[in-house]
Amino acid sequence: MDLVYNILVALHLLGMAAVVGGWIAVRAGRTVIAPILWGARAQLVTGLALVGVAEALKDEEHHVNNAKIAVKLVIALVVLAAAEVGAARGRKGRDTGSLLDVAGGAAVVNVLVAAIW
Ligand code: HEM
């Protein structure tokens with residue numbers, strides 16, 4: 001179970017890298033590129049799975065801070081919604097406005113919440 005948890009942490013970090021790295025790479029543009037969208041989806045799935053495994057293990061190393069997770073969940077939904085709508089608009093050739101920056105910026109906020117809280 002520990003191995004499963006650690007693999008989930010690795011996937012969670014790779015998802016974060018896809019969203020934040022993708023955003024940094026295309027920040028001058030307006031396109032929500034595929035890695036940002038898939039990374040945002042991955043963050044929700046791996047984050048929820050991490051909470052599930054941590055709840056199942058419930059030992060010294062794995063305890064869930066519910067307030068922190070609730071905040072991260074809401075921010076992750078903002079990231080995902082901005083990425084989904086931005087990508088859909090891009091596919092239709094419509095302007096994505098600031099949705100790319102909302103997705104990337106909110107993901108960075110979630111990194112700060114994860115690391116500092
Ligand atoms: C854009 C969305 C997200 C980003 C950028 C993000 C980022 C991160 C980062 C950088 C870490 C590592 C922090 C550390 O090891 O101290 C982390 C850990 C974690 N995240 Fe997220 N996260 C996101 C969404 C979520 C969601 C939606 C959940 C749950 C609903 C979640 C649950 C967790 C948990 C449980 C850990 C702890 C892993 C450990 O034991 O170190 N995250 N997150």
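Begin the tour by selecting Leu 11, which has its place in helix 1; helices (H or I, at least four residues) and strands (E, at least two) are DSSP runs, numbered from the N terminus. Leu 11 is partly exposed because its relative accessible area is 42%, where buried means under 20% relative accessible area, exposed over 50% and partly exposed in between (1.4 Å probe, protein chains only).

The model is a predicted one, in which local features need pLDDT of at least 70 and side-chain atom pairs count only at pLDDT 80 or more, while totals for chains, interfaces and linings use all residues. Residues are numbered from 1 along each chain as its sequence is written, and side-chain values use heavy atoms, with hydrogens and water left out.

**Stop 1: helix 1 and its surface**

Extend the selection from Leu 11 to Leu 3, Ile 7 and Leu 14: together these four residues make a nonpolar surface patch of about 410 Å². Patches are made of residues with over 30% relative accessible area and no salt bridge; like charges are joined within 9 Å, and nonpolar side chains (Val, Leu, Ile, Met, Phe, Trp, Tyr) within 5 Å. Accessible areas come from the Shrake-Rupley method with a 1.4 Å probe, and for residues only the protein chains shown count as cover.

Next select Asp 2, which lies in helix 1 (residues 2-26). Asp 2 counts as partly exposed because its relative accessibility is 39%. Add Asp 59, Glu 60 and Glu 61 to the selection; with Asp 2 they gather in a patch of negative charge on the surface. Lys and Arg count as positive and Asp and Glu as negative, whereas His and the chain ends are not counted. The place of a charge is taken as NZ of Lys, CZ of Arg, CG of Asp or CD of Glu.

**Stop 2: the annotated spans**

Colour residues 6-26, 38-57 and 69-87, where UniProt (unreviewed entry) places the feature "transmembrane region". UniProt positions are given in the numbering used here, feature names are shortened, and annotations may be inferred rather than shown by experiment. Residues 6-26 are 100% helix and 0% strand, with end C-alpha atoms 30 Å apart. For residues 38-57 the end C-alpha atoms lie 28 Å apart, and this span is again 100% helix and 0% strand.

**Stop 3: the salt bridges**

Side chains of opposite charge can pair when their charged atoms come close. A salt bridge is a side-chain nitrogen of Lys or Arg within 4 Å of a carboxyl oxygen of Asp or Glu, and by this rule the count comes to 3.

Select Arg 30 and Asp 95, a salt bridge whose closest N and O atoms are 3.1 Å apart. This pair links distant parts of the chain, 65 residues apart: Arg 30 is in the loop between helix 1 and helix 2 (34-57), and Asp 95 is in the loop between helix 3 and helix 4. Arg 30 counts as partly exposed at 45% relative accessibility, whereas Asp 95 counts as exposed at 52%.

Move to Glu 84 and Arg 41, where the closest N and O atoms of the salt bridge are 2.8 Å apart. Here too distant parts of the chain are linked, with Glu 84 in helix 3 and Arg 41 in helix 2, 43 residues apart. Glu 84 counts as partly exposed at 27% relative accessibility, and Arg 41 counts as partly exposed at 25%.

Then select Lys 58 and Glu 55, a salt bridge with its closest N and O atoms 3.1 Å apart. Glu 55 counts as partly exposed at 34% relative accessibility, while Lys 58 is exposed, with a relative accessible area of 62%. Lys 58 has its place in the loop between helix 2 and helix 3. Check its backbone as well: phi of Lys 58 is near 40°, a positive value in a residue other than glycine.

**Stop 4: helix 3 and the loop beyond**

Select Asn 66, found in helix 3. Asn 66 counts as exposed because its relative accessibility is 55%. A distance label between the C-alpha atoms of Asn 66 and Val 51, 15 residues apart along the chain, should read 9.4 Å.

Continue to Lys 92, in the loop between helix 3 (66-91) and helix 4 (99-116). Lys 92 counts as exposed at 60% relative accessibility. Add Arg 89, Arg 91 and Arg 94, which with Lys 92 form a positive surface patch.

**Stop 5: helix 4**

Finish at Ala 115 in helix 4, which is exposed, with a relative accessible area of 63%. The C-alpha atoms of Ala 115 and Thr 31 are separated by 28 Å, the two residues being 84 residues apart along the chain.
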